[in-house]
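Please consider the following structure with care. A short exchange of questions and replies accompanies it.

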Amino acid sequence: MENELPKTKIDERTGIEYYLEGDYYLPNIVAPRQQKIILNKYGRMRLKFLKEHKKAEYTIMIMNGTLNTHLKEIQETAHNRVQQIINDFKAKSDLTEDMKNTDMFYWVGAMNSIKAQAEEIVLSELIYV
């Protein structure tokens, strides 16, 4: 075995390490490890949107190791924004705490409507862009 090739080599121009697979050298490229996070509704929706509609951005974030950070930031921002919008809408509406006891069905319906409106605003502002 006089002409045995080295198992790995590094390209001096690019600094990329290559390993020997059969007769060919293949780049030894590994995506950086990312911290696991638990995604809530908004994080999962953003992830799905990126995978289906923004494939280039999704791939770049995976390769740079920034996907999980992005998803965590989006889900925290979305949650806080929904709460803020709900509080603003409640302040502008005619809902009172007494209505919980006197006209519970009206109060629940109004709160569900406010929450749905707030979520639609956040989806168009943060998730589907």
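The questions below concern confidence, the sheet and one loop residue.

This is a predicted model, in which local features need pLDDT of at least 70 and side-chain atom pairs count only at pLDDT 80 or more, while totals for chains, interfaces and linings use all residues. Residues are numbered from 1 along each chain as its sequence is written, and side-chain values use heavy atoms, with hydrogens and water left out.

Me: In which element of the chain is confidence highest?
Reply: The term pLDDT denotes the predictor's confidence in each residue, from 0 to 100. Helices (H or I, at least four residues) and strands (E, at least two) are DSSP runs, numbered from the N terminus. Confidence is lowest in strand β1 (residues 8–10), at a mean of 82, and reaches its highest mean, 97, in helix α1.

Me: In what order do the 3 strands form the open sheet?
Reply: Two strands pair if DSSP finds at least two bridges between them. β1 and β2 pair in the antiparallel sense over 3 bridges. The pairing in the sheet is antiparallel, and the order is β1-β2-β3.

Me: Which residue in β2 is the bridge partner of Lys 9?
Reply: Strand β2 covers residues 17–21 and pairs with β1. Within β2, the partner of Lys 9 is Tyr 18.

Me: Why is Asn 40 classed as partly exposed?
Reply: Asn 40 lies in the loop between β3 and α1. Buried means under 20% relative accessible area, exposed over 50%, and partly exposed in between (1.4 Å probe, protein chains only). Asn 40 is partly exposed because its relative accessible area is 28%.
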